[in-house]
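Please explain how this protein chain is put together, starting with one residue and the space around it, and moving on to other parts of the fold.

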Amino acid sequence: MSVGFHIGAVIIMENLPTEVLLNIFGRLKDATTLLDCVSLVCWRWNALAKDPRAWASVSCTCYVMQKTSTIFKSTARILKHAPALSKLTFRTRELVSAEEAADLIADGLTLGEVLNLCRCSISTVDVCCTLTMAATQAVCAWMERNSHTLRSLSMFVNGKLNQRRRQLNSIKSLVHLQELVLVVRESPRYQRELHESLTSLRVLKYSVSTPLRKVPENHVRLLADLLRGAAATLCHVDIDVILGPSAVQALKQCTRLTSATLNMGAVGAVHAMASLRELTLAVRSPDDRCPRNAEMPAVGTLCGLRLLRLNVETIVKADVGCGPMLQALGLAAPNVATLVVNYGRSASALVPAMEKDVCEFLETHPGLTAVTISSGGASLVPRLAGLTDLQDLRVDLRIPLNDWGTSCETFRSMSGPIRGVVKLIPVEVEPKTFRWMQR
């Protein structure tokens, strides 16, 4: 009985169409299974294991020895024989012990020698690590040879001047790149290597390796060139530095943006983007300033905006607040359906000043369906209760004791299919002082 069942199962597997088998193999995430198991079953499976579609879910992490630029034998084998990989990640590590090195490191082959033998097509590459000059040269040369298949790249731009220029020049050659994540050192020497390039880019994420209080001009020029080159195709930007005037002007040309994460001072760049659906504004430094009224979005210019997120990570200077910006955005984006206001620990002192502006925003947007506020007071309770279309509510409110019962009853009486979490924290209206007199 068992033998007959086994024979029937084999017959069924042999009769499966090629497309079905490739779909099954394409769900495997382990390269060793394809190399050592699938390819040894029969001649047909051996041929299918060499099809790039069978490697659709396989990713590989290549650990590079910091001093010798050699890699492990198992990784070298995958890079030599795999016809395709979904993602290749480069990371550095210290040398292992002498005994392990003799068994693990690929016969003395360096990263460059292995990549010269690599013929697999890879769509996503992650090089967010510090490589030696020789390893950087090898990776950049390999990316240039595979520029026709590479669609997503994450890179840490660092090292000496020649090394950074080599990295930027290799990025320029990736004409089919659609997603770019750049982590740049504090003060890069930029010489317009990316001027009028990457015309197919759709997603751009840009950050610096350490926080900066003042952004060097090189960062501004680099960002401006990236934004101008991809102005016709860019759909999403996530920029973690303060934009200079030239970068803001370049961002204004990106009229197809649907999602943007920017510094508070760059809000004026999105004033005429009718295609924008999601906007995240961040306050990360005490030196961040709200733009002047002339740079604020005009009334009704962001009618397509559906999600507005404000992340206040630190308190801003006393003469500059986030309130005017939130009021202007409320007038510019009348169709917002989701509001998220997050305060960092160091920005807790700003919550009372912002509460009035948040209340005004809730009053002018009764159609909100989702609200998340990380901290607030009792004045938000009646405004939240007035949102008749609310479906998702997540707030933390500090409620005085004399308003505690009313607030609790208000939230209990809210009707409709609302989900989420409401956390009410009771606080004293006035601090009480206790004294003990010595006898």
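Helices here are DSSP runs of H or I with at least four residues, and they are numbered from the N terminus. By that numbering, Q167 lies in helix 9. The model is a predicted one. Across the chain, the secondary structure comes to 15 helices and 18 strands. Of the 439 residues, 47% count as buried. Among contacts between residues at least 6 apart in sequence, 69% join residues at least 24 apart.

Q167 is a useful place to begin. The relative accessible area of Q167 is 4%, and a residue counts as buried when that value is under 20%. Q167 is therefore buried. Setting aside residues up to four places away in sequence, Q167 touches T136, C140, M155, F156, V157 and N158.

Q167 also borders an enclosed space. Rolling a probe the size of a water molecule over the atoms shows where empty space is left. The structure holds one cavity of 30 Å³ or more, and the volume of the largest cavity is about 50 Å³. The lining of the largest cavity is made up of V127, C129, L131, T136, V139, C140, M155, N158, Q163 and Q167. Among these lining residues, T136, C140, M155 and N158 are also contacts of Q167. Two helices, helix 8 (133–145) and helix 9 (161–172), each supply at least two residues of this lining. Helix 8 gives the most, with three residues. By type, the lining divides into six nonpolar residues, four polar ones and no charged ones.

Next comes a pair of aromatic rings. What is the geometry of the pair formed by F25 and W45? The count of aromatic pairs in this model comes to one. F25 and W45 form that pair, with 5.1 Å from centre to centre and 75 degrees between the planes, which is edge-to-face. The pair links distant parts of the chain: F25 is in helix 2 (residues 18–25) and W45 is in helix 4 (residues 43–48), 20 residues apart. The C-alpha atoms of F25 and W45 are separated by 9.8 Å. Both F25 and W45 are buried. For F25 the relative accessibility is 4%, so F25 falls in the buried class. Apart from neighbours within four places in sequence, F25 is in contact with L34, V38, W45, L48 and A54.

Further along the chain is helix 10 (residues 217–229), which has 13 residues. From its first C-alpha to its last, helix 10 reaches 18 Å, close to the 18 Å expected at 1.5 Å a residue. Helix 10 is mostly covered, since ten of its 13 residues are buried. The buried residues are N218, H219, V220, L222, L223, A224, D225, L226, L227 and G229. What do these buried residues of helix 10 pack against? Their partners are strand 9 (179–184), strand 10 (203–208), strand 11 (236–239) and helix 11 (245–252).

Two of those strands lead to the next residue. L198 is found in the loop between strand 9 and strand 10. Most residues other than glycine have a negative phi. L198 has a positive phi of about 55 degrees although it is not a glycine. The relative accessibility of L198 is 3%, so L198 counts as buried.

Strand 11, another partner of helix 10, holds D238. Is D238 buried or partly exposed? At 24% relative accessibility, D238 counts as partly exposed, because the buried class ends at 20%. Leaving out residues up to four places away in sequence, D238 touches L204, K205, Y206 and T261. The C-alpha atoms of D238 and S259, which are 21 residues apart along the chain, are separated by 8.5 Å.

T261, one of the contacts of D238, lies in strand 12 (residues 259–263). The relative accessible area of T261 is 14%, so T261 is buried. Beyond its neighbours within four places in sequence, T261 is in contact with V237, D238, I239, T280 and R284. D238 is thus partly exposed, whereas T261, with which D238 is in contact, is buried.

Technical notes: Residues numbered from 1 in each chain as written. Predicted model: local features only at pLDDT ≥ 70, side-chain atom pairs only at ≥ 80, totals over all residues. Heavy atoms only, no water. 1 Å grid on protein atoms, 1.4 Å probe; cavity = no way out; pocket = protein on both sides within 12 Å on 5 of 7 lines; lining within 4 Å. Points joined across faces, edges and corners; volume = space filled by probe spheres on them. Nonpolar A, V, L, I, M, F, W, Y, C, P; charged D, E, K, R; others polar. Phe/Tyr/Trp six-rings, centres within 6.5 Å; stacked < 30°, edge-to-face > 60°. Buried < 20%, exposed > 50% of the residue type's maximum accessible area, 1.4 Å probe, protein only. Expected span 1.5 Å × (residues − 1). Contact = heavy atoms within 4.5 Å.
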